[in-house]
Amino acid sequence: MAEEEHPFQLFGRFLKCMTQPERRLIFMGPPGSGKGTQAPAVKDEFCLCHLSTGDMLRAAVDAGSDWGKQAKSVMSSGGLVSDDIVVGIIKENLNQPACSKGFILDGFPRTVVQAEKLDQMLRESETQIDGVIEFGIDDNLLVKRITGRRIHPSSGRTYHTEFNPPKVADKDDVTGEPLIQRSDDNAETLKKRLSAFYSQTGPVIDYYKKKGLLTKVNGDAPQEKVFEDIMDNIA
């Protein structure tokens, strides 16, 4: 069971968040590169919200929002959810109080067209992307990382049976709730996902590099070192 924060801790967190500048970040990297591990820590450090495309789509469908209904209709017919629907769901999430200080986008954009649509949406609210973190990692290490990955569904906290095990096997450290292994976290599916990732996102990386927004971190490094490198580039 999670420990309750002392009122002074809550007040301290409130003051910290009040004084934080706004940050709008994108985390890019192949599945298993460490985005899901680092995002919650960076989110807490800067009082941001963590927006994962898959999680947002599922939540919108479950909530029955207008965008969620459109996404459900497309997915039920076996189609691919359009860029406009995904951007609409992102915009819907950005209006939430948790995103008042900014966000970390994880899993979007995956194409240059999506990046352009995201820029257009942010311009309408007179904001823009502040930084893009690319997680570089050796493909051979990804197989080991992916097959041992465990997820806490409601929070997005990520663990690994070998590299970052929970205090109690298969239980979330904070809530004690069960962890899950995603059905697509296997070697065969990973190879297909990697092929799609590199073919799609190469141009997106170039897009942000030309804008001077891209920073690459070594995803092979220990988690503490990766976090420090991210902090050095966005603090």
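Colleague: Why is Arg 157 called partly exposed?

Modeller: This is a predicted model. Arg 157 has a relative accessibility of 23%. Partly exposed runs between 20% and 50%, so Arg 157 counts as partly exposed.

Colleague: What makes the contact of Arg 157 with Asp 172 a salt bridge?

Modeller: The closest N and O atoms are 2.9 Å apart. The cut-off is within 4 Å, from a Lys or Arg nitrogen to an Asp or Glu carboxyl oxygen. The pair is Arg and Asp, so Arg 157 and Asp 172 form a salt bridge.

Colleague: What does the pair of Arg 157 and Asp 172 tie together?

Modeller: Arg 157 lies in the loop between strands S5 and S6, and Asp 172 in the loop between S6 and helix H8, so the pair ties together parts 15 residues apart in sequence.

Colleague: Is Asp 172 buried or exposed?

Modeller: Its relative accessible area is 3%. Buried means under 20%, so Asp 172 is buried.

Colleague: How do you know that Arg 193 and Asp 185 meet in a salt bridge?

Modeller: The N to O distance is 3.8 Å. That is within 4 Å, so the pair counts. Asp 185 is buried at 4%, whereas Arg 193 is partly exposed at 26%. Both belong to a network of salt bridges with Arg 149 and Asp 184.

Colleague: Where do Arg 58 and Asp 55 sit?

Modeller: Both are in helix H3, 3 residues apart, which means a separation of about one helical turn. Their side chains meet in a salt bridge at 2.6 Å, N to O.

Colleague: How many salt bridges are there in the whole structure?

Modeller: The search finds 11.

Definitions and conventions. Residues numbered from 1 in each chain as written. Predicted model: local features only at pLDDT ≥ 70, side-chain atom pairs only at ≥ 80, totals over all residues. Heavy atoms only, no water. Helix = DSSP H or I, 4+ residues; strand = E, 2+ residues; numbered from the N terminus. Buried < 20%, exposed > 50% of the residue type's maximum accessible area, 1.4 Å probe, protein only.
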